[in-house]
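Subject: Structure handover, with notes on charges and cysteines

Dear colleague,

I am passing on the structure we discussed, together with some notes on its charged side chains and its cysteines. Please read them alongside the model below.

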Amino acid sequence: MSISQFTQEDYEQIAREYADLKAAARKRCANEHEVEQIQKAYEFANEAHKNVRRRSGEPYMLHPIAVAKIVVSDIGLGYKSIVAALLHDVVEDTAFTVEDISGMFGEKIASLVDGLTKIKTVLDNHDKINKDEAEYSRSMQAENFKRILLTLNDDARVVLIKLADRLHNCRTIEFMPEYKRDKILSETMFIFIPLAHRLGLYEVKSEMENIWLRFKEPDAYNEIQTLINRDISDREAAIDSFIEPIDNALSNAGFSYEIKKRLKSPYSIWHKMTTKNVTFEQVYDLYAIRIIFDANENTTSKDMERDQCYHIFSIITGLYRYKPDRVRDWVKHPKSNGYEALHVTLLSDNGIWIEVQIRTRRMDDIAEKGIAAHWAYKREGYSSEDASEIDMWLNKVKEIIVNPDVNALELLDIVHNDLVSTDIVVFTPKGEQKSIVKGATALDFAYQIHSQIGNTAIAAKVNMKLVPLSYVLKTGDVVEIITSEDEHPKKDWLQFLQTRQAKSFVMDYFKTDKSAVILMGKMSLEDKFKEAGIKANEQLLRRLASATGQKNIEDLQFRYALGLVSFDTLRDVATSLAIQQPTKWYKSIFGGSSKPEHVSPKKNRSDYIIGSTKDKHKYVLASCCQPIAGDSVLGFLSPDGTITVHKKTCEKAQSLASKYGDWIVMPQWPDSENQSYVVRISIKGVDRVGLLNEITRCISLVMEVNIKRLSLGTDKGLFDGSIDVNVQNKEVLELLMKKLKNIDGVKSVMRLDL
């Protein structure tokens, strides 16, 4: 932020943006008093932020106005949230206090502003850490996310306003330095995008995803956007002709409705292409239409709404052929974020697969506004007697975040995994349906039924076949748990259990004899440290406990004994801690070893050349994403000077950046062409005589690229396989893939992770 006098043009721009906000907000206000409160908040904030500018040079006041617009238009919150959004930076950035806000706008609005201020304070100050107490930036970032989630316990509107704030920051992220941009985008992908999804804010989620892709993989984003624009112009008439018979049929059936066209977002297309290993042309659900209908006036229950959805389903599937395996009934079984709709994919007369989404007006409101609309309908008495999925999820999150046994670092991973997880449906032997997280084991299922069943489980029968407790369940499995009164939890169960609830029950069992477990952990740790040449005195152990989020040394030893903290982690943390201390302290831990030189990432974050030996850094290309010269990359500078280089889109990099954001550096690829990289490409197509010879000739003779490994197979006239090649950079790889695609019979060529 900077201070400079506003011009007349600045004042006019602020007034225009506020006029748009006020027009949108008026529709959400119940009376004139609420409109007056919004006006009062605007005038107050506008004066407080007078002559203050953002990095972009725009008046700072445009930011809270934009956040308030998102709050009302994209999330659908009411006047108190709009007022809080307008005021959300006042306490942090000016001399005004929460008490001042309370006196002017009331206690509830003040509490919302207070919650947002506390979050922002931790965000902005997580650099200011006390190294002597071993509070790393990673744990401070984790504490920040914990603070955000804790507000769910008080008022979830704080989280929703924070999401609006993050979305607007993403919209203006181009004005940030690159390292800061990557940190913010990684945090956004790791926590905020999954959180928006779980809360049903699809438009917010989708926009943040597209911004993420635009800056992380600009070439891929621009290419997909170009292909979308070309495809739209080619198929606009075909989509309209597909809709026409549906329009006529619904009108004849007496429905009051509207039909909207929807196009898959660039990020969704890119994600499908990279995860499913398909080309743009193979993304079948590129287009969708939404049928949004008004439920009959005498419809008073979700069951009757469901019947009307099925009626429309029968009408449109009578017009077009549909894919049975692509039917998604989220009317009968809503998603955990409250989303309800009936999806079906139809084949148009032009041979295009088009997804059709069937919703009532109420369902569409919840799909567009998420949790805010869910609460609104709940207040109107529309919800069923049973707790909705979204309420149950919120309660589960609240249980996790107030659990004293869960530290901030664990919470970050637990909540991330929970946010991105999907549920599967399994059955008891009596046919009772149970939902459980995808990837859960038979033992997780046992603990979900009852803690005693889990504690005494010895095996399971899945679909009448005997399986171990570590068996990973699949949708539709019929699961029976076999128990024995003499059985009890085993330490190694913690290595394959997936659900937090099940792990907690096992931990509780071992707490009954905690002292014995601690002693076992203490002895094992002493031996491991001795082998590693580390003198683990009480001071170091205390700092290790603090750095890994444990309450004390005993908790550290307890969790280590159970395999919940690895020795590799403790050794790395011990090294990091020792490097931050004076040389004398370092040598007291590592004996006569010389202390490694550490270069702070604050100095010239872009002044790192991958592979250079001049800057005394060791460069490691991450094995998880296998970056090659030309890829968009970021690096993590560890305290011992090692820089690990990841592709910007690497999932592990997102996780690391959400915890180690202050260690991000922006390494550059060297100009040298002496280095080569092994890359795996997938190749598919229609088999013919001489095709393999043509493929290898193109690679070896035309492109002069060395083949390291080749694996191709044919089945029913089609071929599918992979080739490992040595390339100098991304440019050579892309040219090779382009030439392979031009070979007659080759239908797709994709880069794969090794």
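A salt bridge is taken here to be a side-chain nitrogen of Lys or Arg lying within 4 Å of a carboxyl oxygen of Asp or Glu. Please keep in mind throughout that this is a predicted model. By that criterion Lys69 forms a salt bridge with Asp20, the closest N and O atoms being 3.8 Å apart. Since Lys69 belongs to helix 3 (residues 62-74) and Asp20 to helix 1 (residues 8-26), the pair ties together parts that are 49 residues apart in sequence. Asp20 itself is partly exposed, with a relative accessible area of 46%.

The structure holds 32 salt bridges, and two others deserve a description. In one of them, the side chains of Asp182 and Lys648 meet with an N to O distance of 3.2 Å. This pair links distant parts of the chain, for Asp182 sits in helix 10 (residues 178-198), whereas Lys648 sits in the loop between strand 16 (642-647) and helix 27 (651-659), 466 residues apart. Asp182 is buried, with a relative accessible area of 2%, and Lys648 is buried as well, at 5%.

The other pair is Arg688 and Asp744, whose closest N and O atoms are 3.9 Å apart. It also links distant parts of the chain, with Arg688 in the loop between strand 18 and helix 28 (691-702) and Asp744 in the loop between helix 29 and strand 21 (746-752), 56 residues apart. Arg688 counts as partly exposed at 29% relative accessibility, while Asp744 counts as exposed at 55%. Returning to the buried pair, salt bridges that share partners join Glu178, Asp182, Lys216 and Lys648 into one network.

On the surface, Asp219, Glu223, Asp671, Glu673, Glu731 and Glu734 form a negative patch. The elements that contribute two or more residues to this patch are helix 12 (218-252) and helix 29 (730-741). Glu673, for its part, lies in the loop between strand 17 (664-665) and strand 18 (677-686), and it counts as exposed at 53% relative accessibility.

As for the cysteines, a search of the whole structure finds zero disulfides. Cys650 is in no disulfide, and the nearest cysteine sulfur, that of Cys624, is 3.6 Å away, whereas a disulfide would require the two sulfur atoms to be within 2.5 Å. Cys650 counts as buried at 7% relative accessibility, and Cys309 counts as buried at 0%.

With best wishes

Notes. Residues are numbered from 1 along each chain as its sequence is written. This is a predicted model: local features need pLDDT of at least 70, side-chain atom pairs count only at pLDDT 80 or more; totals for chains, interfaces and linings use all residues. Side-chain values use heavy atoms; hydrogens and water are left out. Patches are made of residues with over 30% relative accessible area and no salt bridge: like charges are joined within 9 Å, nonpolar side chains (Val, Leu, Ile, Met, Phe, Trp, Tyr) within 5 Å. Accessible areas come from the Shrake-Rupley method with a 1.4 Å probe; for residues, only the protein chains shown count as cover. Lys and Arg count as positive and Asp and Glu as negative; His and the chain ends are not counted. The place of a charge is taken as NZ of Lys, CZ of Arg, CG of Asp or CD of Glu. Helices (H or I, at least four residues) and strands (E, at least two) are DSSP runs, numbered from the N terminus. Buried means under 20% relative accessible area, exposed over 50%, partly exposed in between (1.4 Å probe, protein chains only).
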